[in-house]
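Subject: Structure for you to look at

Hello,

Here is the structure I promised to pass on. Please open it first and then read the notes underneath.

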Amino acid sequence: MDETKYGFWLPVDVSSHGAQIDNLMAVVHWFMLLLFVGWGIFFVYCLVKFRARPGHVATYNPVKAVFTKYIEAAVVVVEVFLLFGLSTPVWFKYKGRPASEKDAVVVQLVAEQFAWNFHYAGKDGKFGKSSTATMSGDNPLGLDPDDPAGKDDITTVNQFHVPVNKDVIVELSSKDVIHSFNIPVLRVKQDAIPGTRIPVWFHATQPGHFELACAQLCGLGHYRMRADVLIDTPEDYAKWEKENAPTPSEEQPPTAQQPAK
Amino acid sequence: MTAPTTHGATTHAGGNEHSHDQDHGHEHAHGHELPFWRKYIFSVDHKMIGLQYGLTALVFLLVGFSLMMLMRWQLAYPGRPLGWVGKLLGENAMPGGVMAPEFYNQLGAMHGTIMVFMGIVPLAVGAFGNYVVPLQIGAPDMAFPRLNMASYWAFLPGGLLMIYSFFMPGGAAQSGWTNYPPLSVLTQVPGQTMWLFAMVLLITSSLLGSINFIVTIVQLRAKGLGFWRLPFFVHAQFVTSFLLLLAFPPLEAAAVLQLMDRLAGTSFFLPTGLVVSGEQLKVAGGGSPLLWQHLFWFLAHPEVYVLILPAMGIVAEVIANNTRKPLWGYRLLVYSVIFLGFMSFVVWAHHMFMTGMGTTMSTFFQTTTMIISIPSVIILTCFLMSLYGGAIRFTTPMLFATAFLPMFAIGGLTGLPLGLTASDIYLHDTFYVIGHFHYVVAPGTIFALFAGIYYWYPKATGKQMDPTLGKIHFWLSFLCMNGIFMPMFFQGMAGLSRRLYDPTIYAHGRAIQSLNVVISWSAWGLFLAQLPFIWNFFSSLARARAVENPWSATTLEWAAPSPPTHGNFPTPPVVYREPYEYSVPGQTSDFHPQFAGEA
Amino acid sequence: MAEASPYAADALIPHTVEPHPVTGIPNGKLGIWLFLASEVMLFGALFSTYVVIRTTAPHWPPEGGLSSEILNVPLATVNTAVLITSSITMVLSWASLKMQNLPRFRLWLGSTIALAFVFLVIKYFEYTHKFELGHYPSHDNFYAVYFTLTGLHGVHVIGGIIVNTFLLTAGSRMWATEPERFTNRIENAGLYWHFVELVWIFLFPSLYLL
């Protein structure tokens, strides 16, 4: 992993929507800095100019200050701009589905204490049936061994391979507690909540080896709930898919358990 | 009916010139001396209860702070044994002197719980509210003295049980101070159940207190003390009480539901099909983990304002007094605080942007969040404008109150990128959040509370705290506070998640690890900075008596003797004017108290 | 006199008996209204929970059938009548004090307490019947909601019994010294009791009938 990509500020951005978030972040912080410095200058000026000293008397009548109203109005205007000009557009895009959904790579992700289980549809593009009712220690995704669509599915633990320059939809779920899917360099974060399936999508713009961290306290192993994010070139991704495609006999989930009542 | 004659009212009719050299000077007026346990332990006097709250809360603050200092060791030097402290804490918490991850999570959860529910709220509301509000409105006591006592005696066991949970098998609650299920329900330690029980007691205490405050402020104001003559501190406490009254019950309901989930095996917060450690969980299912978050944040966002509003009230008192001029925009401040109170009930889900919320709901909540920032900006502007044209005395309380302004500004401003959904995608649950709310409550609220302690200490004891020690306390605390919380913004921008036992697992964590060392040493420095305060707090009791009204203040609490006797005022005070009549043109002195009649 | 107010602080506090000129009520009444406001928030949160759990469930009750078939509607109807009657007797006890009739007050407040006990006894039979069938709160969320909401309401009934019993016995000594204040206390206890009844009026149809 390239440690030089990280520092005291935002790490490198390798996603298509990240620039907009970074842009918003920069605008907000300049705005905050401007306000703070403005206030700060006035603040220090007052503390020095109006310090108690012999012969100096406080003014009883309030100073008429029109400029405070201008400042407050300016704050309102800037906030409206931040809200509807910069923030909501990204959010609406991010929350929707990618434009060409059928070309996207779909990954199902089931989080657990303390690992990330990735489930790829494999060559046929169809996910095998899975259910929480059949999950067990040996079959963390609860795959149905009899489903033909699942024969070529690829599953990985803590290894997240995605192709570069392609829309990737991750369908998030959790089997025990709330986790949060967080890839700083992709500017992606979404809670994985048991009992729900929440999609999140991104479009990586450069290959590399990065990290996925859990962002929601999920127990004593929360800190080490880490996965490698491998953004592959199309060739590498195809190679990886091929190497990891299971042989029909390989997938041997244990006997399905009775659903819990 | 005979009661008034047995009390101070007639004997003190001479006015407040009365000598108070000896604390026992009044006891004859009571007709009888209360036994020790009635006077100091099960007291119904709002001043004693206020002091009980204050001292207990200060101790709890120190406990919560100590937990954080322990965590800071693990964060600065992950995996390094902690010498004799590690041995002291035992093999369960610190095997081989190295902190266990479970113990780290307990420290984190309990630090938050203790600081918020057992430290700051009891100090800001229980202590200052109890001690100062009846005095500032010219009341002889709170409206329901016995309810007031019950409130403290629900708080203390609640707090002690919370601390006790550390000594239970498996330790204390360890799912964060937010206790999100399913994690909190699935964590099989009795400490979590104890957390819920203790919270029910703490909530009950706050509810009883808030009813008492509202009734006291509405019913017990002195003659002439109309709504627009109330000191700003009273307004702030009034709004705070409504927040406590209406926001806490949903958390109480949530705590009951989580207790049911833990003890009776229900599934309010457990969805169908949970698989824990490869085992199907044997519960009925059908519940919703997000339900807890809604109920929790419906309280916990107003709770933020419960923490900050009394602080703003104290700062307003201290600023008006030390600039020697009326507050700028007093009415605007009051309107802003009331508006803040209302709005705080409709912003809660901005803590939950990452839970898969749709676009409509997120737009609603980020809009309300932006709206609620406006009154905060107005309040800050009013305070800044209050400095303009003053004759500023840099007393110890004023130093803390002055520092509150830029610290609160940083805390408030950094809320903006968190309230906007798009930037929150990146910043949510990072150290940026930690830095943000700590700037509001630590160098913000806690500084204001220190200002309050220095400001009203002469009221409660008749003595002034040492100003030199006070200034040392201030400057060291100011330096260390910023040393702790400023680097957290950079850590957050670098992407570091909160609640990580060992951040160096991650490449972006390793990149900012040096900041963790800075933060930890600042934290330990902050502890040293409190030593002059602790010494000052106790040793000043031995100082010579201060003059009555040492700050030349205008509000009603200074009409009472210091410390006020039972029943507070020798004669019921009458209010003649607005609260902050400082430097009135044509007056001989630069302050014109509310209680001074026209000569 | 001193016995009437063991804590002398009371005697100093204005508006414990005489109404405040602006609000028009004494302290206690304002206090009880505020307390009820927080109770509304408490039960509001619990009802919201019920709504969320119920609307997200594929079928309600989860095990099939109808609420009215699972729960005992006739017993609950009787209980509703019992609570409404107890509210009436509560008002009558207050009215008796207004008419300076202490024995009559004792009769009516005693009836209120007795009716509250009747309510709890009927509730006890309902609960034990469910337990005999093995239907504990953990059975499914229908029972979880049913037991939690009616249980918490039951706790409020018990709280009412305790307060009313105090006012009937030791608390009624205040009548001799401060009759007006004591009458106000009964009124406030009544306000609480009506609230407890009102909660039941919401619980009954929403749990048993809908």
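Please start with helix H7 of chain B. The residues buried in H7(B) are B:Pro145, B:Asn148, B:Met149, B:Ser151, B:Tyr152, B:Ala154, B:Phe155, B:Gly158, B:Gly159 and B:Met162. When you look at how they are placed, keep one rule in mind: an α-helix has 3.6 residues a turn, so residues three or four places apart point the same way. B:Tyr152 and B:Phe155 are among the buried residues, and so are B:Gly159 and B:Met162. H7(B) is 20 residues in length and spans 29 Å between its first and last C-alpha, close to the 28 Å expected at 1.5 Å a residue.

Note that this is a predicted model.

Chain B touches chain C

H7(B) also takes part in a contact between chains. Chain B puts 42 residues into its contact with chain C, and chain C puts in 38 residues. On the side of chain B, at least two residues each come from H7 (145-164), H9 (190-219), H10 (232-264) and H11 (289-323). Which helix gives the largest share of that side? H10(B) does, with 11 residues. By class, the side of chain B that touches chain C holds 28 nonpolar, 10 polar and 4 charged residues.

Chain C on its own

Chain C contains 8 helices and 0 strands, so to speak a plain list of α-α-α-α-α-α-α-α when read along the sequence. Its C-alpha atoms fill a box of roughly 65 × 35 × 25 Å along the principal axes. Chain C has 210 residues, and 38% of them count as buried. Take the contacts in chain C between residues at least 6 apart in sequence: 75% of these join residues at least 24 apart.

Chain A touches chain B

Chain A and chain B are in contact too, with 85 residues from chain A and 85 residues from chain B. On the side of chain A, H1 (18-49), H2 (66-95), E6, E7 and E9 (208-214) each supply at least two residues. H2(A) provides the largest share, 16 residues. That side of chain A is made up of 51 nonpolar, 21 polar and 13 charged residues.

Strands in chain A

Two of the strands just named, E6(A) and E7(A), belong to an open sheet of 5 strands, ordered E4-E10-E9-E6-E7, with mixed pairing. Which strands sit at the edges? They are E4(A), residues 159-163, and E7(A), residues 188-192, and each pairs on one side only. From one strand to the next the twist averages 25°. E6(A), residues 179-183, pairs with E7(A) in the antiparallel sense over 5 bridges, and A:Ile183 stands opposite A:Val188 in E7(A). Helix H3(A), residues 234-244, lies across E4(A) and E10(A), and runs at about 130° to E4(A).

Now look at strand E1(A), residues 105-112. Is E1(A) mostly covered or mostly exposed? Mostly covered: 6 of its 8 residues are buried. E1(A) runs parallel to E5(A), residues 167-174, and 7 bridges join them. One pair there is A:Val105 with its bridge partner A:Val168 in E5(A). E1(A) also pairs with E2(A), residues 115-120, this time in the antiparallel sense over 6 bridges. A:Val110 has A:Asn117 in E2(A) as its bridge partner. E1(A) and E2(A) form a hairpin, with 2 residues between them.

Regards

Definitions and conventions. Residues numbered from 1 in each chain as written. Chains lettered and ligands numbered in written order. Predicted model: local features only at pLDDT ≥ 70, side-chain atom pairs only at ≥ 80, totals over all residues. Contact = placed C-beta atoms within 7 Å. Helix = DSSP H or I, 4+ residues; strand = E, 2+ residues; numbered from the N terminus. Nonpolar A, V, L, I, M, F, W, Y, C, P; charged D, E, K, R; others polar. Expected span 1.5 Å × (residues − 1). Buried ≥ 20, exposed ≤ 12 C-beta atoms within 10 Å, placed from the backbone. Pairing = 2+ DSSP bridges. Axes fitted to C-alpha atoms, helices over the stretch in contact; angles between N-to-C directions.
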